[in-house]
Amino acid sequence: MKLGINLGYWGAGMDADNLAVAREADRLGYSVCWAAEAYGSDAATVLSWVAAQTERIDVGSGIFQIPARTPSMTAMTAATLDSLSGGRFRLGLGVSGPQVSEGWYGVRFDKPLARTREYVEIIRKAMSRERLTHEGAHWTLPLPDGPGKPIKLTVHPVREHIPLYIAAIGPKNLEQTGEIADGALLVFFAPEHAEETTLGALRAGRAKAGKDLEGFDIVPTVPMAVGDDIDGLADLFRPYTALYVGGMGSAKQNFYNKLAQRMGYGKAAAEIQEKYLAGDKAGAAAAVPRDLIDSTTLIGSVDRIADRMQAYAAAGVTTLSLAPAGFTLDERIVSLRAGVEALERAGLA
């Protein structure tokens, strides 16, 4: 099992330290550095900045939002980043959510699975440098009855195949991800619930493509905090968990809330959402079960974290992307180093 680092969203208050974190992860031998985007900074700019000032670590979009770019533009960006980084780019994609897709980009959040499938098909065709044509429900290239003509990508990527990942939560999305992608970007991944929440659907999708999970990169992002006060460390992640389970999406459409339900936290998920959407964020955070936090984060001593890393590896995780907690650079660097130490103690390095 390899380690990754997730810088999260730029503009979250720790931006000045993120380059130092990425460079230390590079020095420590981390496999990949991910950057996210929502409706603030874009991931492509951040990744080019990080890639220019690191040497070995891969840089990955975690994620590029599908409604933000045409598939051809994404292929151009991927090819450019792979070229500039010397073959270190990983392309992560996701549909975002209805509020961002429709409110920020003006793109209807309809048929997200079909849209994703077409998007990936076009990207793969463009990256192969064949002349680009496509006839689908969402994109037609070139447009009919006009001056457009089939064009091929002029940039030569360093590699023939740039790894393509999809951020997936729901069962149908997970199954399609297993079928059409090279890896899955996951959140709130609990090893104890891996089969029923994640792996079963991924395996079914791989089977559709005539493959199994061998070589498929399973990449959860896992918040991490090192220390002896387990309850105190768990409390650090209460607002984070409450935000996703309670506030990401509407009362009717929240993928993270449904995931918590599938993990057996139905009653708590409903209470968290009710309080969060009513404006009681503190109450929502207090309603998050300690077990939910403990099963989806890495908290405690290095030895305790090493034990949990063994559970992640046994559940099929191939790249464990850490999101170290901390308000200072020193705290985040300590967590980075502890991650490597824990991996070694777990016998997984």
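**Close-up 1. R304 and D294, joined by a salt bridge in the predicted model.** R304 is partly exposed, with a relative accessible area of 26%, whereas its partner D294 is buried, at 16%, because a residue counts as buried when this value is under 20%. The closest N and O atoms of the two side chains are 2.8 Å apart. D294 belongs to helix α13, which covers residues 290-296, and R304 belongs to helix α14, which covers residues 302-314, so the salt bridge ties together parts of the chain that are 10 residues apart in sequence. The pair is also part of a network, in which salt bridges that share partners join D231, R290, D294 and R304.

**Close-up 2. The salt bridge between R159 and D82.** In this view, the closest N and O atoms of R159 and D82 lie 2.4 Å apart. The pair links distant parts of the chain, since R159 sits in the loop between β7 (140-141) and β8 (164-167), while D82 sits in helix α3, and 77 residues separate the two in sequence. Their surroundings can be described by relative accessible area, which is 23% for R159, a partly exposed residue, and 0% for D82, a buried residue.

**Close-up 3. The salt bridge between R117 and E179.** Here the side chains of R117 and E179 meet with an N to O distance of 2.8 Å. R117 is found in helix α5 (residues 112-127) and E179 in helix α6 (residues 171-180), and the pair thereby links distant parts of the chain, 62 residues apart. R117 counts as partly exposed at 28% relative accessibility, and E179 likewise counts as partly exposed, at 24%. When the whole structure is searched, 21 salt bridges are found, one of them being this pair of R117 and E179.

**Close-up 4. T77 and its contacts in helix α3.** The last view turns to T77, a residue of helix α3, which runs over residues 71-84. T77 has a relative accessibility of 14% and therefore counts as buried, the cut-off for that word being under 20%. If residues up to four places away in sequence are left out of the count, T77 touches A44 and F64. Helix α3 also holds D82, the residue seen in the second view as the partner of R159.

Note on methods. Residues are numbered from 1 along each chain as its sequence is written. This is a predicted model: local features need pLDDT of at least 70, side-chain atom pairs count only at pLDDT 80 or more; totals for chains, interfaces and linings use all residues. Side-chain values use heavy atoms; hydrogens and water are left out. Helices (H or I, at least four residues) and strands (E, at least two) are DSSP runs, numbered from the N terminus. Buried means under 20% relative accessible area, exposed over 50%, partly exposed in between (1.4 Å probe, protein chains only). Contact means heavy atoms within 4.5 Å. A salt bridge is a side-chain nitrogen of Lys or Arg within 4 Å of a carboxyl oxygen of Asp or Glu.
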